Amino acid sequence: MAKSVEIQRLPQFKYVDSIRWLPSLSPFQRSIIIAFFDSDTDAPSLETHSLSSTSSETLTLTPLSSWTPPSRISSLKSTSSLIAAATFSGSLHIFPTAQESTLEPPRMSELLGGREFHVGPIRGVDVMEGGGSEVVSVGEDGRVNLVRVLGEGKTGINNCQRVFDGNGLVSYSAVKWASNTEFVTGGCGFGLQWWDLRRPNSAVAQFKGIWDQGMSSGIIHSIDIHQSRKYTCLAGGSSGTVFAWDLRWKDQPIVLSGVELNDTATHSLSESDVWEVQYDCYTKSLSSNSSSSRILPAMICSEDGILAVIEQGEEPIELLAEPCAINSFDIDCQNPSDVICSLEWESIAIISRP
C-alpha cells in the first residue's frame, strides 16, 4: 500500500456508474461530473458537482446541475470543451463543458440516437479536440461511428459518419483516439484494431487476441494511449489482464498484469475484470531503462476493489483496496496527484498523493 496517501470517502446513496474531473479555471473551484443510477426507482441521472474543502480539510460535494438521460449511462468522457455521454439504449449526448468561472451547468447540445446510429448499448466513447471536435463511439452492435462537432464556441453537430458496421458479427467495448485521424478499438478475445480515417472501410492493423500464446479469452474494457508514445496502446480487461500493444511489434503483446505469457513473470494484481486503465503521469518510473519500448506507469481499477499503479517489471503500488468493486476512476490532468473513483457501494473516494 502506498505511503502517505490521503483518502476521503463520500457516500452518495445512489449507484455511481462513472465519474470524471471537469477542467478548472481556478484551484479554488474544482468540479466533477457523475453518472448515477438509482436502483430503487430505476432512474439514471448525469450530475455536475463542485468539490470544496471545509475548515477541517474535509471535502464536500455541492450539486450544480442535473440531467436525466433516456437510459443508464454506459460510457462517459470529459475534455476541456466537451462532455460525451453514451447510454445503454444506444444514444449519444454531447454537452459543452461547464464554464466554472460562472459555475454554469452544461447545456445539452445534441442528441444522436435511433436505429440508424447504434442498436443496443454504446460501450465506448472518446473525444478528440481540435478546431472542431470529433467524437467516436463503438457498440455491441459492431458499429463504429464518428460525430463531428462544430468548434470556435459554437454548439451543434456538423455531421455523423459510419466508419464501420460489423452487422452484429463483431462487438466493440472500448475506443481511444491516438491522433486526429487515428483511433483504437477493443472487444472480445482481447482483440484490438487500429483505424486510420485516411484509409477508410477497414482497420489498418489488428491484434487478433492471444489464445494461442497461453492467454485465455476475454474482453477489453478500457484503452489508453500516451500522448508522447502514440504507437503504443494500453489495454485492460477480463481476468485481471493489462497489456500493451506496440505497433512496431504487432504480434507480441507486453503483459503488465494477469496471465503469464511464455513463462514471462508478471506481477498479477487482480484476477477479476480490470474496468479502467490510464497512463499515470504523476508516478515516476522506477526503472533506469528509458527505452521507448518500455511501458510507462499506469493506473488501473478492478472488480475486486483494487486501485493501483503498475509498471512493467515492477511490483504494483496499491493506492486503495476496497471490499467492493471500483467501477471507474479519473486522474485530474491539471493536478495529477489527485484521483477520484466510484465505488460499487454507492460512494466516491478521493485520493490525494504526496
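In the predicted model, Trp-194 is buried, its relative accessible area being 4%. The ring of Trp-194 is paired with that of Trp-245, and because the two planes stand at 65°, with the centres 6.4 Å apart, the arrangement is classed as edge-to-face. This contact connects distant parts of the chain, since Trp-194 belongs to strand E16 (residues 192-196) and Trp-245 to strand E20 (residues 242-246), the two residues being 51 apart. Trp-245 is likewise buried, with a computed relative accessible area of 0%.

Trp-245 also takes part in an aromatic pair with Phe-207, for which the centre-to-centre distance is 6.1 Å and the angle between the planes is 35°, a geometry that is classed as tilted. Phe-207 is located in strand E17 (residues 205-207) and Trp-245 in strand E20, so this pair ties together parts of the chain that lie 38 residues apart in sequence. Both members of the pair, Phe-207 and Trp-245, are buried. In total, the structure contains 8 aromatic pairs. One aromatic cluster is formed by Phe-164, Tyr-172, Trp-177, Phe-183 and Trp-195.

Aromatic rings are also involved in contacts with a charged side chain. The charged end of Arg-72 sits over the ring of Tyr-15, at 5.1 Å from the ring centre, and the charged end of Arg-72 sits over the ring of Phe-37 as well, in this case at 4.1 Å from the centre.

Side chains of opposite charge can pair when their charged atoms come close. In the present model, 16 salt bridges are found. One of them joins Glu-47 to Lys-14, with a separation of 2.9 Å between the closest N and O atoms. Glu-47 is part of strand E4 (residues 43-53), whereas Lys-14 is placed in the loop between strand E1 (6-11) and strand E2 (15-26), so that this salt bridge ties together parts 33 residues apart in sequence. The partners fall into separate accessibility classes: Glu-47 counts as buried because its relative accessibility, 11%, is under the 20% limit, whereas Lys-14, with a relative accessible area of 21%, is partly exposed.

A salt bridge is also formed between the side chains of Arg-30 and Asp-338, where the N to O distance is 2.9 Å. Arg-30 lies in strand E3 (residues 29-38) and Asp-338 in strand E27 (residues 338-343), and the pair therefore ties together parts of the chain that are 308 residues apart in sequence. Arg-30 is buried, with a relative accessible area of 18%, and Asp-338 also counts as buried, with a relative accessibility of 7%.

A further salt bridge brings together the side chains of Arg-162 and Asp-165, with an N to O distance of 3.4 Å. Arg-162 is partly exposed, its relative accessible area amounting to 32%, and Asp-165 is partly exposed too, at 25%. These two residues belong to a network of salt bridges in which Asp-141, Arg-143, Arg-162 and Asp-165 are linked.

Technical notes
Residues are numbered from 1 along each chain as its sequence is written. This is a predicted model: local features need pLDDT of at least 70, side-chain atom pairs count only at pLDDT 80 or more; totals for chains, interfaces and linings use all residues. Side-chain values use heavy atoms; hydrogens and water are left out. A salt bridge is a side-chain nitrogen of Lys or Arg within 4 Å of a carboxyl oxygen of Asp or Glu. Helices (H or I, at least four residues) and strands (E, at least two) are DSSP runs, numbered from the N terminus. Buried means under 20% relative accessible area, exposed over 50%, partly exposed in between (1.4 Å probe, protein chains only). Rings of Phe, Tyr and Trp (its six-membered ring) pair if their centres lie within 6.5 Å; planes under 30 degrees apart count as stacked, over 60 as edge-to-face and the rest as tilted. A charge sits over a ring if NZ of Lys or CZ of Arg is within 6 Å of the ring centre and within 35 degrees of the ring normal.
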